[in-house]
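Please examine the model below with care. The questions that follow ask what justifies each term used to describe it.

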Amino acid sequence: MKRVVLAGTSVYGLENHSDDSMLSVFTRELHANIPDLEITLLARHPNKAFDELYGVKSIKNMDHNNKEESIGRWFNGLNPGDPTGHLRAIWKAIEESDLLIIGGDPFLEISLGFYRGLAPYAALLITIAKFLEKPVMLYGIHIGRKLKTDLGKELTKFCISNSDLVTLREEFSRKAILELGISDKNIVALSDPAFGLNPIEGKEMGQNVLDKEGIRFKSDKVIGVTFRHMYWKWKASDWDYYSSILAEVYDYIVEELGADLLFIPNCTYDIDHKYEDDRAVAKDTVAKMKHKEHAHQIRNKYNLFETLSLYRHIDMMFSNRRHCLIFAAIHGLPSVGCGEELHMMPVMANLSIDDKFVDIKEFNADLLKKNINETWNNREQIIKNINEALPELREKALQHAKLAADLIK
């Protein structure tokens, strides 16, 4: 029996299909490469149904149960009076493991401080592994935003330098690491693990979801929409501006393309911040539309595969979430992407759709309408280009787990 400990930096199991898609491919391929394997997942909310879906056994990590509980405190278990049973369980799991794997985006400078935040969490786990002489892998790393603080840069260097293997989602992240003066001798640039997803076969599962939601399209053309609120940086006035533009663009889709809209939430986590949940974002924008009858919202929570099944019922995707573009691509659909350049452009370039990117700094209705219209009218050629790129991207996506298995063996 081989054992690994897999820790996302507060991501896996938080109803975010982007992170769970990478977990799904990785655990599937780990089990395929090492049939006799036990994966212990460090999770904020251990969940048996989630464990069965992803082939893991989850135990409590060092997160507080919600954001409110964490304010002014260090990691759960490191404050006076905190219970420490979960700390002993984490230590024991790493001690009995053959490899510690840390995935997600551990180097985002979110709530960065002493024993709080993503990078300090990764660094603490790596320190435990060093004490126990266990190998470490950083999995599917993506440097989607430039590091600005000295502490963030030092923690990033510590984590990467003390890992036996670092796999990246794209070559771009290697360049960002080298610019920080960090050696790339233990780094392998591959592709986003989500490219290893198997597309959902047939339309039945998706139709079941639509039936549960009571959704009946009025058109035979449907555009999928997922828009993420950047709640960690936007003020109310910012969102009022962006949501007004989005509503105008959505009405244009109805009027000019004669299409319905299907709002597909990529994250439904509703514990910490209202706008962490994509359903709240959709509700705000639909409220500003003139043609609300053509806007169909998914209002309930569904697992990764049920959500992916909805991509069988759309003809094109519009999103500022990079994984929604990947989900569309593996189902043979064209996309228009917008958002932050460093986060979105690498994956759009991989799919040869980077000419349809709209930077959030240049966010305006006319540019969005232009790109949506051009993508719709040229969708056959775009789909052909995407399909030509997918085999290599899938092959690289599956290499993350193979390299991890080589370390374990």
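**Terms and the values behind them**

Q: What volume does the second largest pocket have, and what makes a space a pocket?
A: The second largest pocket has a volume of about 330 Å³. On a 1 Å grid over the protein atoms alone, a pocket is an open set of points with protein on both sides within 12 Å along at least five of seven lines, whereas a cavity is a set where a 1.4 Å probe fits but cannot get out; lining residues have an atom within 4 Å of a point. The volume is the space filled by probe spheres set on the points, which are joined across faces, edges and corners.

This is a predicted model, in which local features need pLDDT of at least 70 and side-chain atom pairs count only at pLDDT 80 or more, while totals for chains, interfaces and linings use all residues. Residues are numbered from 1 along each chain as its sequence is written, and side-chain values use heavy atoms, with hydrogens and water left out.

Q: Which residues and elements line the second largest pocket?
A: There are 18 lining residues, and those closest to the centre of this pocket are Gly13, Glu15, Asp20, Asn47 and Phe50. Two or more residues come from each of α1 (17-33) and α2 (48-54); α2 contributes the most, with four. Helices (H or I, at least four residues) and strands (E, at least two) are DSSP runs, numbered from the N terminus.

Q: How is the lining of the second largest pocket divided by residue type?
A: The lining holds eight nonpolar, six polar and four charged residues. Ala, Val, Leu, Ile, Met, Phe, Trp, Tyr, Cys and Pro count as nonpolar, Asp, Glu, Lys and Arg as charged, and the others, Gly among them, as polar.

Q: How many cavities of 30 Å³ or more does the structure hold, and what lines the largest?
A: The structure holds two. The largest, of about 90 Å³, is lined by 14 residues, with Val225, Phe227, Phe263, Asp278 and Ala282 nearest its centre. Helix α10 gives the largest share of this lining, five residues. By type, the lining comprises nine nonpolar, three polar and two charged residues.

Q: Which residues line the second largest cavity?
A: Phe107, Leu108, His142, Ile143, Gly144, Arg145 and Leu147 line the second largest cavity, which encloses about 30 Å³. Four of its lining residues are nonpolar, two polar and one charged.

Q: Why is Ile71 called exposed?
A: Ile71 has a relative accessible area of 61%. Buried means under 20%, exposed over 50%, and partly exposed in between (1.4 Å probe, protein chains only); Ile71 is therefore exposed. Ile71 is found in the loop between α3 (67-70) and α4 (85-95).

Q: How do we know that the span of helix α9 agrees with expectation?
A: The expected span is 1.5 Å times one less than the number of residues. For the 22 residues of α9 (residues 236-257) that gives 32 Å, and the end C-alpha atoms are 31 Å apart, so the two agree. After α9 comes Gly258, with a positive phi near 65 degrees.

Q: What makes β9 and β10 a pair?
A: Two strands pair if DSSP finds at least two bridges between them. Strand β9 (residues 260-263) and β10 share three bridges in the parallel sense, so they satisfy the definition. Within this pair, Leu261 stands opposite Ala295 of β10.

Q: Which strands are the edges of the open sheet?
A: The six strands run in the order β10-β9-β8-β11-β12-β13, with parallel pairing. The edge strands are β10 (295-297) and β13 (357-359), each pairing on one side only.
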